[in-house]
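Visitor: Please give me a close look at one part of this model, starting from a single turn. Then show me how that part fits with the rest of the chain.

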Amino acid sequence: YVQAGLEFQIVLTGTLFNKILTYSLLGEVMLPLVTSVDTGKSPVDLLNVKGVLQLQIKVAKWLSINYNLSLIRAPLIQPDLQVINNLVLSFTINIL
């Protein structure tokens, strides 16, 4: 399917505690004015909403813990709110 419309996005990023904690917060709203699928619903009923929270904690110079929480509402794909959680342990090595 294809959608076209108006989109608004806001992103907040920063660091805390002497760059040990890095955060990012994203909010996005898309009002589809045109869609390739005929649903009979109004553009407000098909409103796409996305929110993402990302946290990174530096445990050591070579080790970090990353957490990502996403909330997605895309009624044309899935009528329910989608909740996605990711937790990643990252190791970094410098070869040269």
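Guide: Start with β4 and β5, which form a hairpin with three residues between them. Keep in mind that this is a predicted model. β5 covers residues 78–91, and it pairs with β4 in the antiparallel sense over eleven bridges. To find one of these pairings in the view, look for I72, whose bridge partner in β5 is Q82.

Now turn to the other neighbour of β4. Strand β3, residues 48–60, runs antiparallel to β4, residues 63–74, and eleven bridges join the two. They also form a hairpin, in this case with two residues between them. A pair to look for here is Q54, which stands opposite N68 in β4. β4 thus takes part in two pairings, one with β3 and one with β5.

Next, follow a link to the loop between β2 and β3, where T39 lies. T39 touches L46 and L76, leaving aside residues up to four places away in sequence. T39 and L76 are 37 residues apart along the chain, yet 8.4 Å separates their C-alpha atoms. What is the exposure of T39? T39 counts as partly exposed because its relative accessibility is 34%, and that class runs between 20% and 50%.

The contact of T39 with L76 can be set beside a figure for the whole protein chain. Among contacts with a separation of 6 or more, 42% are between residues 24 or more positions apart.

Another loop is worth a stop, the one between β1 (3–16) and β2 (21–35), where N18 is found. K19 has its place in the loop between β1 and β2 as well. Both residues have an unusual backbone angle for their kind, judged by a general rule. Most residues other than glycine have a negative phi. N18, which is not glycine, has a positive phi near 60°. K19 is likewise a residue other than glycine with a positive phi, near 65°. Are these two buried or exposed? N18 is exposed, because its relative accessible area is 74% and the class begins over 50%. K19 counts as exposed too, because its relative accessibility is 63%.

Now step back to the whole protein chain. It has five strands and zero helices, and the order from the N terminus is β-β-β-β-β. The C-alpha trace spans about 55 × 25 × 20 Å along its principal axes. The radius of gyration is 18 Å, whereas a compact globule of 96 residues would have one near 12 Å.

What share of the residues counts as buried? Of the 96 residues, the share is 19%. The accessible surface of the protein chain is about 7200 Å², and carbon and sulfur atoms make up 64% of that area. As for charge, there are 6 positive and 5 negative side chains, with 21 Å between the centres of the two sets.

To retrace the route, go back to the hairpin of β4 and β5, and from there to the hairpin of β3 and β4. Then find T39 in the loop between β2 and β3, and end at N18 in the loop between β1 and β2.

Note on methods:
Residues are numbered from 1 along each chain as its sequence is written. This is a predicted model: local features need pLDDT of at least 70, side-chain atom pairs count only at pLDDT 80 or more; totals for chains, interfaces and linings use all residues. Side-chain values use heavy atoms; hydrogens and water are left out. Helices (H or I, at least four residues) and strands (E, at least two) are DSSP runs, numbered from the N terminus. The radius of gyration is taken over C-alpha atoms; the globule rule is 2.2 Å times the number of residues to the power 0.38. Buried means under 20% relative accessible area, exposed over 50%, partly exposed in between (1.4 Å probe, protein chains only). Contact means heavy atoms within 4.5 Å. Accessible areas come from the Shrake-Rupley method with a 1.4 Å probe; for residues, only the protein chains shown count as cover. Lys and Arg count as positive and Asp and Glu as negative; His and the chain ends are not counted. The place of a charge is taken as NZ of Lys, CZ of Arg, CG of Asp or CD of Glu. Two strands pair if DSSP finds at least two bridges between them.
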